[in-house]
Amino acid sequence: MSELDQIVNACLLPGYEGSAPPAWVREGLADGIAGVALFPANLEGGRQSLVRHARAVRAIAPDALIAVDEEGGDVTRLDYETGSASPGNLALGEIDDPALTGRVAAEIAADLKACGVNFNLAPSIDVNSSPDNPIIGVRSFGADPERVGVHGASFIRAMQDEGVAAVAKHFPGHGDTVTDSHRSLPVVDCSEETFRQRELPPFVAAIRAKVRAMMTAHVLYPALDPDNPATLSRRLLHDLVRKELGYEGVLLSSAIAIEAGQGNPDIGAVAVRALRAGSDLLLLGPGDGEKLCAAIRSAVTEAVRSGELTAAVLETAAARVRALRESSAPQRSGLEAARRAIRLEGDVALLAPAVVVELRAAGNAAVGEAQWSLADRLAALDAAESTVRVHADEPTPDQVLPASGPVVLVARDAYRTPWQRDWLRKALALRPDAVLVAVGMPDDVTPEVSASIRTFGAAAVNIEAAAEALTSRLAATRSR
C-alpha cells in the first residue's frame with residue numbers, strides 16, 4: 001500500500017457487516033484505517049457484542065477509534081435490545097439541571113469504556129426549533145439555544161473527563177428541518193442572522209467545552225452556502241468553523257453526505273469534495289465499507305495527481321485524527337507504565353519479520369489459562385514471518401529454528417519450568433543471536449542471552465510494550 005493510501009486510510013471510519021471484523025477491516029487497521037463505526041446490525045447479543053468487536057479491533061490497532069451512537073434515550077447502542085437506561089436529551093433539558101446531565105453522561109461514558117468504546121457520536125446539540133422535525137425531536141435538549149448549549153457542554157465535559165471522546169452534532173444545525181436527511185437533502189431557509197442567533201450558539205458552547213470532534217450535517221443553508229450542503233461546504237467548515245470560531249478538533253463528515261452527497265452516486269468524488277471543504281474524518285455509514293474505502297482511496301489519489309486536492313490538506317486531516325486517537329486511546333496509563341517497566345539489553349529491534357517461538361506452559365491456580373501472546377501481536381503488525389507454539393518441549397529447537405534470519409523466543413517463567421529451561425538452552429546454542437522476551441519473571445534472562453526484553457508481566461499492555469520495542473526499526477523503515 002502506498003504512503004498516500006495510508007494517509008487516506010487515516011481519514012476513514014468505515015462500518016462493516018457481521019458479528020466480527022472481516023478480513024478487509026483487519027488488513028485496513030494494520031494499514032492505518034482510523035477505526036470502525038458499529039451500528040445496530042453489528043450488535044446482536046447486546047453489550048457483549050460491543051466487547052467482542054472492540055477486543056478484535058484492538059488486537060490489531062490498540063489506539064483505533066471504536067465509534068457508536070450512544071446518545072441515551074431513543075438512540076442507544078449499549079442497550080439497543082432492551083431500551084436505554086438514560087432518559088434522553090429532551091427529558092434532561094426539561095429538568096434543566098446541567099449537573100444531572102453531566103452525571104448521566106459520565107455514567108454512559110463509564111459503560112462505553114467498559115465495552116471498549118472510546119468515540120461516542122453524541123451529543124446531538126441541535127436546537128429543536130421545528131416541531132415537525134422527523135429526525136431530531138427528543139434527541140434535542142430543547143428549543144432554547146442557550147439551554148441546549150449549557151446541557152451540551154455539560155454532557156461533553158463529563159463524557160470526555162471519563163476518557164471517551166464526544167462528538168457534537170449535527171453542525172450547522174438539524175433542528176429546523178422537516179425532511180429526513182437519510183432520504184433526501186433538507187433545506188433550512190433562514191437568514192444568516194437567524195442562524196447565528198439560533199443554531200450556532202450550542203456549537204460555540206461545545207467548542208469552548210473542548211469537544212474533540214464535531215459531526216457535519218447533510219443539510220443545505222442557502223443563506224450561508226447556496227450550492228453545497230454543510231459537509232461539502234468550505235464556507236462553513238473552513239471559513240466559519242476553522243477561521244472564525246478557531247476550532248482545531250476533528251471535523252467528522254456525516255455518513256449521509258458521503259453516501260448521498262446531493263444525490264451524487266460517485267462516492268469517491270463526494271469524499272474528495274468533503275476533504276477539500278475541511279472534513280478530517282469520513283464516516284462511511286453502516287454496511288460493508290470495503291468497496292467504499294477502495295473507491296475513496298482511488299479518487300483521492302487521482303485528485304492529488306490532478307491538483308484538485310493537495311497532499312498537505314490530507315496530512316493535516318490525518319494529523320488531527322491521529323491526535324484524536326492518541327487522546328482517546330484506552331489504558332493510556334497502563335501502557336505508559338508497561339513501557340516504563342520494560343528492560344532492554346542488546347539490540348532487540350528487528351530488521352525484518354522474525355520467526356517467533358512461544359514456550360507455552362500451563363498456568364497456575366491464580367492465573368488460570370488467561371490469554372497472552374506476543375506472537376499474535378507481532379503477526380498482526382506484519383513483524384512475524386511465522387509463529388510456533390511449543391508445549392512440553394515439542395517441537396524441538398532444531399525442528400523450528402531457521403539457520404538465519406531474525407528469531408524471537410518468548411518465555412514465561414522458564415527458570416522454574418525444567419522443560420522450558422532446557423529448550424531455551426538448546427535454542428540459544430543453535431541461535432545465540434535470538435532475542436529472548438521474558439514475559440514473566442525476569443530470571444528467564446540468563447547470562448548466555450545476548451539480546452533480551454524483560455516485561456515483568458504478560459498483560460496486554462506488557463505485550464504491546466515489547467512489540468513496540470521489537471518493531472521500532474521496522475516501523476521507521478515502513479514509514480519512509
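Two strands count as paired here if DSSP finds at least two bridges between them. With that in hand, let's walk through this predicted model, starting at the sheet.

Strand β5, residues 165–171, runs parallel to strand β6, residues 213–216, and the two share four bridges. One of the matches puts Lys 169 opposite Met 215 in β6. Helix α6 (residues 145–161) packs on the sheet and touches both β4 (119–120) and β5, its direction making about 150° with that of β5.

Zooming out, the sheet is open and has eight strands in the order β1-β8-β7-β6-β5-β4-β3-β2, with parallel pairing. At the edges sit β1 (12–13) and β2 (35–37), each pairing on one side only.

Now for the cysteines. The whole structure has zero disulfides. For Cys 11, the nearest cysteine sulfur belongs to Cys 293 and is 12 Å away. Two of the cysteines are buried, as the table shows:

| Residue | Relative accessible area |
|---|---|
| Cys 11 | 1% |
| Cys 115 | 6% |

Cys 293 leads us to helix α12, where it is buried along with Ile 296, Arg 297, Val 300, Thr 301 and Ala 303. Viewed down the axis of α12, the buried residues fall within an arc of 165°, so they line one face of the helix. Their cover includes α1 (3–9), β1, α2 (23–30), α11 (267–277), β8 (281–283) and α13 (311–328). Flip to the other side of α12 and you find Lys 291 and Arg 305 exposed.

How far apart are the end C-alpha atoms of α12? They are 25 Å apart, which agrees with the 24 Å that its 17 residues should span at 1.5 Å a residue. Right after α12 comes Gly 307, with a positive phi near 90°.

Conventions: Residues are numbered from 1 along each chain as its sequence is written. This is a predicted model: local features need pLDDT of at least 70, side-chain atom pairs count only at pLDDT 80 or more; totals for chains, interfaces and linings use all residues. Side-chain values use heavy atoms; hydrogens and water are left out. Contact means heavy atoms within 4.5 Å. Axes are lines fitted to C-alpha atoms, for helices over the stretch in contact, and angles run from 0 to 180 degrees between N-to-C directions. A disulfide is a pair of cysteine sulfur atoms within 2.5 Å. Buried means under 20% relative accessible area, exposed over 50%, partly exposed in between (1.4 Å probe, protein chains only). The expected span of a helix is 1.5 Å times one less than its number of residues. The arc is that of the directions from the helix axis to the C-beta atoms.
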